[in-house]
Each structure stands twice: as structure tokens, then as C-alpha cells.
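Biologist: Please take me slowly through one part of this model, a pocket and what lines it, and then carry on to the parts that help me place it. I am new to this, so I would be glad of one connected answer.

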Amino acid sequence: MVEEDIRKITGVITAVTPILERLNRKDSLAKIQERIRQIQNTEVKVLICGEFKRGKSSFVNALIGRNICPVDQDICTSVVSIIRYGDTERVIRYFGDLSHVQKAEIPYADIQKYTVGRADQVQNTLYLEIELPLECLKNGLVLIDTPGVGGLDPRHAFLTTYFLPQADITLFMTDVNEPLTTTELDFYNQKVTRYAKHSAIIINKCDLKTPEQVVEVQQDTVQKIQNHASTSKEPNVIAVSSKFKQAFNQTHVEKMYEKSHFSLIDSELQHLMIAYKEDIIRNIRDDFSDLLEQVIEPIKIQLTQIKMPDPKVLTELKQKETIIQKQLYDLNNPSSEFRIKIQQKITEVREEVINHLNEQSILFSSNGLNKLLQSEQATKENGGKWIGQQLNLALESLGAEIVLELRHAFDRISRIEEFQGMLKYQVKDFSYSIMEVNAENEVPIHRRLMSLVPGMGAGFATNLVVGSLAGVFGFGLPLFIPIAVGLGIAAKSHSDTVRASKVAELREQYQPQITVAMQQLRTFVESRFTEFQQVWIKVVSQRVQEVQTTLQTLMADLNKLSQNQKTILSRKMELERLMNPLVTQKHMIDLILSNPFQAHENKEEKLRQDPNETIC
């Protein structure tokens, strides 16, 4: 269906190319033709996500028939693996931080070395790009295996959330033995439904349950998703067994493939890939239809004048001129309803982002630092540097979250219909680091002595009281016992004083840095809004020029027709020769992917049910 739709659009473009070039639309036409050419080479990125220990890596291995992603009961994937087609096996490692990513090619055999373990164990690896000469990847399928969310390492959730908006299709993985948790439901509702363009839910390890039990788990999953998620659409839930699929990969016994239910995965991926590419085609169709409409409308106006050369027609044309002038005014005047609407929208989303940033800043500046200072690690050797590392990790995560919020906010504004797809702005990543320091100052000698006084005083007081009592009852006690009590209290007081001094020094050194970091982040946000403001003003200026050009062309042609009535007939025929093919082809382009009988949907449903159609 995708190839057929591309063929239809290409046919329409070919039919009207001479006319559009004649009407000075060559540049716009070339852009659409380039987008058509790119569809054939467009990759479709499929991201697999979910909580840890749900079998995501096993699922990816089973799907492509190669043991690429490390799997083991005792290990968890800690970096992102991007698997795509390549003529030869090749692995590129990306490491460092997102503000300064470095890369290096590594041996294929070292994949596990850089994908399993803590950040320091994988040497700060962020993700791997793995190229494989597999037939199932030749059609542009790209698989993204992500770390499990919900574990103890926040870096896993951060990497998954960072790559989620970049995916075209999202598969949310659950475990047949683990009913959906509140954490999973929150992640699905807040992340998957928000960023996924197309998605499905995969219940893995169905070989551990009977078919009847698997059906119950599927029904329970659908019910929980519908009750918890902010969408009324019933999710597509597929139960599979990666274990049986891997057995099929090794033995090629068809029964193993049937029991794995991976035929449903293959057909669902095929369906989602078609849906994704149809979205691209639909956008191209709509843009090309708009282009034709922009060309047809002025011709229609001119034909109206030719058909009805009387005062009524001229009045109507004047009204049309007024409408165009109103459009020109709305675009050009900062106080117009359109411009105010855009400014209000920007102010609204800015307040949302700033409020979110303020909330996070308060948590970061107060609770975050206090918790770190109260931990035992803070006052150990190099405890100050440890705090700095934790603060920088939290700052990097907060910065990435704010960048995602900005991208989402600007994307909402860019979709306003008045911009006609012209507004494009990419938010750059936030980069700032807190300097790591240690508490190295010695506690002043007078404070050390003062910390001993309460203990020594307690010792002498104890000696006096106990000595007096001993005298009353007629027995004596050794002098060292009360003195020892005092020394113990003095030592405890001294230790507390040293710790409090170190904590106070670390707070003095880090609190101002945190304040500066939050200010830097606020400045970053404000700068992005300033840049965005400049971009949309530039787009409006461009549209003003286009409307002015259209108006000037229209009025020039109308004046010419009014002055030379002898050319009306020939002009009418010329305009009809231009317009009729455009109208016909616009009607044809509007029918693509808009069949009222939904024939293409029936074919897709048939494709889902056909087990012979496979992805891998």
C-alpha cells in the first residue's frame, strides 16, 4: 500500500509539474519531490521499553535471530543499543555526557562489556550503534533496546526517556508473571502515551502460563491500561514467548514459531511501519494539496472576473481583496488577534515550563542537598567530591527533562494551523557542571577544646556526686571511672563538632553553586524562548511577503483584464487550461489515504492475520 500511494502521488506531481513550474512554484515543488524520494530510505525506529527484568533484550534477540543484547538473570542492560542494517558487522560506542558526546568504534565481541553494569563499569557509555547484515533490517527497521525503568539506577530511566521521543514506534514490554504495577502504569501514561507516535503492548514469557491464563493476563492488562491511562482507545496487547522464538531460531521447527506467537509481532510491526509511513505520506499529500489550492485560488478569482465582467463581480473581488488585506494585516500587525493568540500561547507554555522548573529547583536546592549532606558518604574521605558528582548527575537529568519539556512546548505551538508547517525550531541541549570540592579545613583549636568541655565537666560532676555518695555509705571508688565517663562524652561531642563543621563547609561551598546552576538553567530556558520568539517572527515575516506577492499578482492581473477586454476570451481559455488539470489532480491527491470504503484498512487487517508475512 505504501508503494502504491507513493506511486499515485508521484503520478499527480508529474502531471502538474509543467504548470507549477510555469506559475513560479518550482522551489516548493522541488521540496515535496525531495520528501517523496526520502520516503524510500526512511528508517523506522522501534523502541522497546519497560521495567527491568521484563525480557526486553531477550525479545530483541529473538526478533532478529541473533544474540546481540546481553541477557542473564543476574544482569540488567544499562545503556541503549541501536540496531540497524549494515553491510558488515560494526559497533560504534557513544560515551561521555549528552552535552559532549564522544564516539569510538569497538570490537563486536566487546558489546557486553559496554552495556552491562553501572555508569563507571561501562565507562560512561550512553549508547551503542550496532550494524548487522541481517535481511530483516534491510527494509529500514531499526531496533532500540533500552535499559529497564523502575530500578535503583536513575540513569536507566533517564536514557529511556531521552530516546523515547526519537522513536517512531514504541513497544511497551511487560511480564506475564508480573501484574502491571502502578510504576509501570504511570510510565506508560506519562511517557509512552505522550511521546509514542505508534505503540503496542507486549506481554513476554507467555510460555510460563497456560493459554487460558495468558488470556486472563491480556484482559487484565487492557483493563488496567484503560482505567489508568489518559486515552479511551483500547491498546493492542500481544502475548509472546521469546524463549520459543529463540528455540525456533536454532531448530527451525515451525511448531516453536507458532507457540512463540511472533507471527503476531511480525504482522503488528508491519502494520505499525505502514501506519508510520502513511503518516509521512499523508503529510506530503496535505502539503501538496495546499500548494495546489494556493495556485488554484488566484486562477479561480481571475476566471470569476472573466465570466462575470459586471459591478457585482468587481464588488466580490473587492471583498476578496479586503479578505487578503485582512490576512496581511493580521500577519503584520503585532496587536492583531492572530499575533496575540500566538503570544498568549507562548506566554502560557513559558509559564508552564518556568513553574515546573521552579518546583524542581526548590527540590534540587533544598531537599536534594540536605539529603546528600545527611548521608554517611558525605563526611567520608572524598565525600565532598561524591556530593558534587551526585549533584551534577541530578543537574544533567533535570536539564534533559527541561529540554524535553521545551521541545514538547514549542512543538505544540508549531502545530498551530496559521504557521502551515513553516515554523521549525530545535532546542539545543543544556550543559552546565557544578565544581566538585572537598571539606578540607581543620576545625579551629578553640572549637575543639570547647567541644571537650561538656565531657570533662560531666566527668568532674560525676566524680563529685559518686564520691560523695561513696563517703556516705562508707566505701570508696576508683577515680578513673567518672573520669572515663567524662572523656567518652567529650569524644562524642568532639566527633559531632567535626562532622557538623564539615557539613557546614560543604553546604557553604555547594549552596551558592546550586543557586548559580539553577539561574543558569532559568537563563537557558529564557534564552530558548527568546530564540523561539525570533524564529516565529521571522516565519510571520516570510508569510507576509508571500501574501503580499499573491495580492500584488492578483491585482495586477485584474487590472490588466479590466484594461483589455479584447483579451478576455483567450485569457479565460488560458486560465482554464491551467486550472482544470490542477483541480483534477487535487481531487485525486485528496483521495489518497482517504478511501471512504477503507479498502486499504481491510488489506492491513488481512496482513495482520497472515502468518506468512514476517518482519524477521
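Modeller: A pocket, as the word is used here, is an open set of grid points with protein on both sides within 12 Å along at least five of seven lines, and a residue belongs to its lining if it has an atom within 4 Å of a point. Please keep in mind throughout that this is a predicted model.

With that in hand, we can turn to the second largest pocket, which has a volume of about 1,700 Å³. Its lining is made of 50 residues, and those that lie nearest its centre are N392, L393, A394, E396 and S397. Several elements take part: β3, α4 (residues 154-163), α5 (182-195), α11 (337-374) and α12 (383-414) each supply at least two lining residues. The biggest contribution is that of helix α12, which gives 17 residues to the lining of this pocket. In chemical character the lining is mixed, since its residues divide into 23 nonpolar, 14 polar and 13 charged.

Strand β3, one of the elements that line this pocket, also leads us to its partner in the sheet pairing. β3 covers residues 90-97 and pairs with β5 in the antiparallel sense, over 6 bridges, and within this pairing R93 stands opposite L128 in β5. Strand β5 has a further partner, for β2 (residues 80-85) runs parallel to β5 and is joined to it by 6 bridges, with I83 standing opposite I130 in β5. Strand β5 itself, residues 125-132, is mostly covered, as 6 of its 8 residues are buried.

Leading into this strand is the loop between β4 (100-106) and β5, where N124 is found. The backbone of N124 deserves a look: its phi is near 60°, a positive value in a residue other than glycine. N124 has a relative accessible area of 40%, and it therefore counts as partly exposed. A second asparagine, N24, likewise has a positive phi, of about 60°, although it is not a glycine. N24 sits in the loop between α1 (2-22) and α2 (26-39), and it counts as exposed because its relative accessibility is 70%, where the cut-off for exposed is over 50%.

A pocket is open, whereas a cavity is a space from which the probe cannot get out, and the structure holds 2 cavities of 30 Å³ or more. The largest cavity contains about 40 Å³ of space, and its lining is formed by T174, D175, E178, P179, L180, V217, D220 and T221. Two elements give two or more residues to this lining, namely β7 (169-175) and α6 (211-228). The largest share, 3 residues, comes from α6, and by type the lining residues of this cavity divide into 3 nonpolar, 2 polar and 3 charged.

Finally, a word about the cysteines. A disulfide is a covalent bond between the sulfur atoms of two cysteines. The structure holds 0 disulfides. C49 counts as buried because its relative accessibility is 0%, and C206, with a relative accessible area of 6%, is also buried, since buried means under 20%.

Notes. Residues are numbered from 1 along each chain as its sequence is written. This is a predicted model: local features need pLDDT of at least 70, side-chain atom pairs count only at pLDDT 80 or more; totals for chains, interfaces and linings use all residues. Side-chain values use heavy atoms; hydrogens and water are left out. Buried means under 20% relative accessible area, exposed over 50%, partly exposed in between (1.4 Å probe, protein chains only). Helices (H or I, at least four residues) and strands (E, at least two) are DSSP runs, numbered from the N terminus. Two strands pair if DSSP finds at least two bridges between them. On a 1 Å grid over the protein atoms alone, a cavity is a set of points where a 1.4 Å probe fits but cannot get out, and a pocket is an open set with protein on both sides within 12 Å along at least five of seven lines; lining residues have an atom within 4 Å of a point. Grid points are joined across faces, edges and corners, and a volume is the space filled by probe spheres set on the points. Ala, Val, Leu, Ile, Met, Phe, Trp, Tyr, Cys and Pro count as nonpolar, Asp, Glu, Lys and Arg as charged, and the others, Gly among them, as polar. A disulfide is a pair of cysteine sulfur atoms within 2.5 Å.
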